[in-house]
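Please open the structure in the viewer and follow the stops below in order. Each stop names a selection and then describes what is found there.

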Amino acid sequence: MSSPAAPPSRPEVDQEIGAGLRRLRRERRLSLIDLSTRTNLSIGFLSQIERGKSSPTLRALASMADALGVGIGDLFPKGGEGAGSQTATIVRAGGRSELQLWRSGIRKQLLTPHSEGAKLSLYLVEMEPGASTGDELYTHGGEEAGLVLSGAMSLSVEQESWTMQEGDSFRFLSSRPHRFANAAAGETRVLWVNCL
C-alpha cells in the first residue's frame with residue numbers, strides 16, 4: 001500500500017505531542033535511556049520526538065504509552081469540559097481532544113473525557129487515503145474493538161488479514177501483533193475502543 005503524500009510541515013502538532021511525552025517521562029523519573037530500553041526505540045529518535053523534531057507513528061506512541069504506564073488517550077492534549085477531572089462525564093462535540101499523526105495520515109479524536117488512570121477510551125479514527133500504521137505489526141497493552149463507520153479498512157492481526165467495509169466490526173487483544181490501513185480511495189472513519 002502506498003504512503004500518503006507528504007503533507008506540509010506541522011511542527012506545532014509535533015511540539016505539542018513531544019512536550020506531553022517529555023512531561024510524562026519526567027513525572028515518572030525516567031531517563032531517555034530508560035524509555036529507550038522499555039520501548040526498543042533509539043534514544044535519538046525519542047529525543048527528536050520530545051523536542052518536536054520528529055513525528056511519532058502510532059506504533060511508537062503505543063510503545064511509549066505502555067512504557068509510561070498510561071493509555072494512548074493520556075497522550076492527547078488536554079482540553080474541553082472537565083479535562084483531567086476524575087468526575088468528568090461528557091465531552092461536547094466542539095471540545096474533543098485530538099491527536100494528529102499527520103505524517104501517517106491518521107487523526108484520532110478522543111470521545112471520552114480525560115481521566116488519569118482511565119481504563120476505557122473511545123476514539124473517532126479518521127484515515128486519509130493511503131494512511132497506515134506502517135508495514136510492521138505492533139503490540140501494546142489492553143484490548144481493542146471498533147466499527148467501520150465509512151470507507152474501508154484493512155486490518156491485520158498476527159497472520160490473518162481482512163478488508164472491512166462500512167458496518168463491519170472487530171475485537172482483539174492488543175498484545176496480538178497488528179496493523180491497520182485505509183483500504184478506500186477516500187477517507188475512512190472508524191469508531192475505536194481501547195481498554196487497558
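## The hairpin and its sheet

Begin at the hairpin of β5 and β6, where two residues lie between the strands and Glu158 adopts a positive phi near 55 degrees. The model on display is a predicted one.

Next, select the two strands of that hairpin. β5 and β6 are paired in the antiparallel sense, with six bridges between them. Within this pairing, Met153 has Met164 of β6 as its bridge partner.

Keep strand β5 (residues 152-157) selected and add β8; the two run antiparallel and are joined by five bridges. Two positions illustrate the register: Ser154 is opposite Ala181 in β8, and Ser156 has Arg179 as its bridge partner in that strand.

Now widen the selection to the sheet. It is an open sheet of three strands in the order β6-β5-β8, with antiparallel pairing. Which strands stand at the edges? They are β6 (160-165) and β8; each has a single partner strand, so one side of each is left without a neighbour in the sheet. From one strand to the next, the twist averages 15 degrees.

Colour β5 by accessibility. Six of the six residues of β5 are buried, so this strand is largely enclosed by the rest of the structure. In a regular strand, side chains point alternately to the two faces of the sheet. Inspect the two faces of β5 separately: Ala152, Ser154 and Ser156 lie on one side, Met153, Leu155 and Val157 lie on the other, and all of these are buried.

## The six-stranded sheet

Move on to the open sheet of six strands, whose order is β1-β2-β3-β9-β4-β7, with antiparallel pairing. At its edges are β1 (97-101) and β7 (169-173), each of which pairs on one side only. The twist here averages 20 degrees from one strand to the next.

Select β4 together with β7. Strand β4 (residues 143-150) pairs with β7 in the antiparallel sense over five bridges. One pair to display is Leu147 with its bridge partner in β7, Ser169.

## Ser174

From β7, proceed to Ser174, which is located in the loop between β7 and β8 (178-182). Is Ser174 buried or exposed? Its relative accessibility is 0%, and because burial means under 20%, Ser174 counts as buried.

Show the side chains of Ser174 and Glu144: a polar contact of 2.7 Å joins them. Then display the wider surroundings. Leaving aside residues up to four places away in sequence, Ser174 touches Thr139, His140, Gly141, Gly142, Glu143, Glu144 and Asn194.

## Helix α2 and Ser36

Turn next to helix α2 (residues 32-39), which contains Ser36. Ser36 has a relative accessible area of 14% and is buried. Measure from its side chain to the backbone oxygen of Leu41, and the viewer should give 2.6 Å. With residues up to four places away in sequence not counted, Ser36 touches Leu41, Ser42, Ile43 and Leu46.

Rotate the view to look down the helix. The buried residues of α2 include Leu35, Ser36 and Thr39. Seen down the axis, the buried residues of α2 fall within an arc of 100 degrees, so they line one face of the helix. Exposed residues on the other side of α2 are Ile33, Thr37 and Arg38. Just after the helix, select Asn40, which takes a positive phi of about 65 degrees.

## Helix α3

The last stop is helix α3 (residues 43-50). Its buried residues are Leu46, Ser47, Ile49 and Glu50. These cover an arc of only 160 degrees around the axis, which puts them on the same side of α3. One of them, Leu46, is also among the residues that Ser36 touches. Finish at Gly52, just after α3, where phi is positive at about 75 degrees.

Conventions
Residues numbered from 1 in each chain as written. Predicted model: local features only at pLDDT ≥ 70, side-chain atom pairs only at ≥ 80, totals over all residues. Heavy atoms only, no water. Pairing = 2+ DSSP bridges. Helix = DSSP H or I, 4+ residues; strand = E, 2+ residues; numbered from the N terminus. Axes fitted to C-alpha atoms, helices over the stretch in contact; angles between N-to-C directions. Buried < 20%, exposed > 50% of the residue type's maximum accessible area, 1.4 Å probe, protein only. Polar contact = N/O pair within 3.5 Å; in protein donor to acceptor, adjacent residues only side chain to side chain. Contact = heavy atoms within 4.5 Å. Arc of directions from axis to C-beta.
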